[in-house]
Amino acid sequence: MRFLFAAFLSVLALPLWAQVNVKPYTSPGGIEAWFVQEPSIPFVAIDVAFRGGASLDPEGKYGAVEFVMAMLEEGTGDLDAVAFKKEQERLGARFSFSSNRDAVEISAQILNETRDASIDLLHRAMVEPRFDDDAFARVRAQFESGYRSDLEDPGTIAGVAMAALAFPGHPYGRPLEGRLEEFQTISIDDLRAAHKGALAKDRLLVSVVGDISEDDLGVMLDTLFDGLPETGAPMPERAEYALSGGVTVIDFDSPQSIAIFAQEGISFDDPDFFPAFVMNRVLGGGGLTSRLATEIREKRGLTYGVGSYLASFDYGDLYQGSVASANEDIAEAIALVRSEWERLATEGITAEELDAAQRFLTGSYPLRFDGNGRIAGVLTGMQLNRLPIEYMDTRNDKVNAVTLADVSRVADRLLRSEDLHFVVVGQPEGLATQ
């Protein structure tokens, strides 16, 4: 019942983003956090990130960091995996552990009445994971099953190939989970080393939202992160984008082909990011209302789905998208992607398109702040992107400040149809690697 109550509270708390008052906080032990005090419900959400993520996988042990994050919920101290989950339920706490290319993340939602015990349990899970042999074997088998499924998934095949072509020799160029033959060499000792390299205080970001005083927050933070290494594994170098325009075809027996397309992107801290963000809403980020969807799906019926997005990572950036179509139609769909890329680069967008994009992007933004847990996650995401603490209050102003001239300038700078590279998985008619 406590577990269900905590989940319910995560939806109810802080329904209005205008109420969010974010303060920087430093604990007596030196742990820095972004803090929103909300005393209306006896509930606290904590979101933690450690920079580096899967990019820190040791050479030849790709997938180790993601494996570590899966093992953190498999027991600690005198609690095996089953006992650890039962203890969470008893306390009404909810923990989650995940990883991506640039960070590992831990989130927790806890009730005030069991806060001390819940923080102790999460602390032990982070600092003293058990890495039991039976849990290790079971989780590895789950990963290996996923690897084998990925070998039959054309979207995954295309994404892995695109990453390898775009960033060869860099951690971004390898699959997030590594490759099966490498993953199978990972030992428990490798996991212990990866754990120390990934979860360290020199790359720690913390957000806390809920009913807790500043004094109690300091005690909680110092308890939670006590015992973690002060420094972790070295961060990777900047990724050099290596692709030029062209097509890479990967044969796959299927009646349709999926194409992932990409060119070099734009970083989140670039002054032109917001014009690019608004521009992409019009080009390919607007669902069925985007230009790509209108031309390829609505007018010609060549696909059920097409879109594009700005992928800004810590050490490299892509402007990427995808489209799927029947083998006999994919060449036409790709030609239309190129033509829409070029048309926006030369003609810009209309005032009506700009207004619609701005209204959607500003109107949908408050929907991200409908619960303590989601707010904490947004705050940590802001820190990962190195945004200022007042970003919540200024973000919509930045969107609304974008002009037609801004979009035209950025489109001319960023959209290069001749540089688009397409990785096509299927048996496309009229297309070959070039």
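A residue counts as exposed when its relative accessible area is over 50%, as buried when it is under 20%, and as partly exposed in between. Keep these cut-offs at hand for the tour, which goes through a predicted model.

**Stop 1: helix α13**

Select residues 351–364, which make up helix α13, and show the side chains of Asp-355 and Arg-359. These two side chains meet in a salt bridge, with 2.8 Å from N to O. Asp-355 and Arg-359 are 4 residues apart in the helix, so about one helical turn separates them. Arg-359 has 53% relative accessibility and therefore counts as exposed, because the cut-off for that class is over 50%. Asp-355, at 37%, counts as partly exposed.

**Stop 2: helix α12**

Move to Glu-347 and Arg-343, which both lie in helix α12. They too are 4 residues apart, about one turn of the helix. A salt bridge joins them, and its closest N and O atoms are 3.8 Å apart. Glu-347 is exposed, with a relative accessible area of 56%, whereas Arg-343 is partly exposed at 27%.

**Stop 3: further salt bridges**

Select Asp-419 and Arg-416, which form a salt bridge with the closest N and O atoms 2.7 Å apart. Both partners are partly exposed: Asp-419 has 25% relative accessibility, and Arg-416 has a relative accessible area of 23%. Now add Asp-270, Asp-272, Asp-406, Arg-409 and Arg-413, which salt bridges with shared partners join into one network. The structure holds 27 salt bridges.

**Stop 4: the nonpolar cores**

Show Ile-296, Leu-379, Met-392, Leu-415 and Phe-422, the residues with the most contacts inside the largest nonpolar core. That core has 58 residues. Which helix gives the largest share of this core? Helix α12, residues 330–347, does, with 8 residues. Apart from this core lies another one, of 56 residues, including Ala-64, Met-69, Leu-91 and Ile-119. As background, nonpolar side chains tend to be buried together in soluble globular proteins.

**Stop 5: helix α4**

Ile-119, one of the residues of that other core, is also among the buried residues of α4. Select residues 115–127 to see this helix. Its buried residues are Arg-115, Ser-118, Ile-119, Leu-121, Leu-122, His-123, Ala-125, Met-126 and Val-127. For a check on its length, place a distance label between the two end C-alpha atoms, which are 18 Å apart. At 1.5 Å a residue, the 13 residues should span 18 Å, so the two values agree.

**Stop 6: two loop residues with positive phi**

Go on to Phe-131, in the loop between α4 and α5. Its phi is near 55°, a positive value in a residue other than glycine. Is Phe-131 buried or exposed? Phe-131 has 5% relative accessibility and counts as buried.

Then jump to Arg-386, in the loop between α14 (372–384) and α15 (391–400). Arg-386 also has a positive phi without being glycine, here near 60°. In contrast to the buried Phe-131, Arg-386 is exposed, with a relative accessible area of 56%.

**Stop 7: the largest pocket**

Select Asp-150, Thr-156, Val-160, Pro-175 and Glu-177, the closest to the centre of the largest pocket among the 16 residues that line it. The volume of this pocket is about 350 Å³. Two elements, α5 (133–150) and α6 (154–166), give two or more residues to the lining. Of these, α6 gives the most, with 5 residues. By type, the lining divides into 8 nonpolar, 4 polar and 4 charged residues.

**Stop 8: the largest cavity**

Keep Pro-175 selected, since this residue of the pocket also lines the largest cavity. The other lining residues of the cavity are Ala-54, Ser-55, Asp-57, Arg-101, Pro-171, Arg-174 and Leu-176. They divide, with Pro-175 included, into 4 nonpolar, 1 polar and 3 charged. The cavity has a volume of about 40 Å³. A search of the whole structure finds 1 cavity of 30 Å³ or more.

**Stop 9: helix α9**

End at Leu-217, in helix α9, residues 214–224. Leu-217 is buried, with a relative accessible area of 0%. Show Ser-27 as well: it is 190 residues from Leu-217 along the chain, and the C-alpha atoms of the two are separated by 7.5 Å.

Definitions and conventions: Residues are numbered from 1 along each chain as its sequence is written. This is a predicted model: local features need pLDDT of at least 70, side-chain atom pairs count only at pLDDT 80 or more; totals for chains, interfaces and linings use all residues. Side-chain values use heavy atoms; hydrogens and water are left out. A nonpolar core is a set of buried Ala, Val, Leu, Ile, Met, Phe, Trp, Tyr and Cys residues joined through side-chain atoms within 4.5 Å. Buried means under 20% relative accessible area, exposed over 50%, partly exposed in between (1.4 Å probe, protein chains only). On a 1 Å grid over the protein atoms alone, a cavity is a set of points where a 1.4 Å probe fits but cannot get out, and a pocket is an open set with protein on both sides within 12 Å along at least five of seven lines; lining residues have an atom within 4 Å of a point. Grid points are joined across faces, edges and corners, and a volume is the space filled by probe spheres set on the points. Ala, Val, Leu, Ile, Met, Phe, Trp, Tyr, Cys and Pro count as nonpolar, Asp, Glu, Lys and Arg as charged, and the others, Gly among them, as polar. The expected span of a helix is 1.5 Å times one less than its number of residues. A salt bridge is a side-chain nitrogen of Lys or Arg within 4 Å of a carboxyl oxygen of Asp or Glu.
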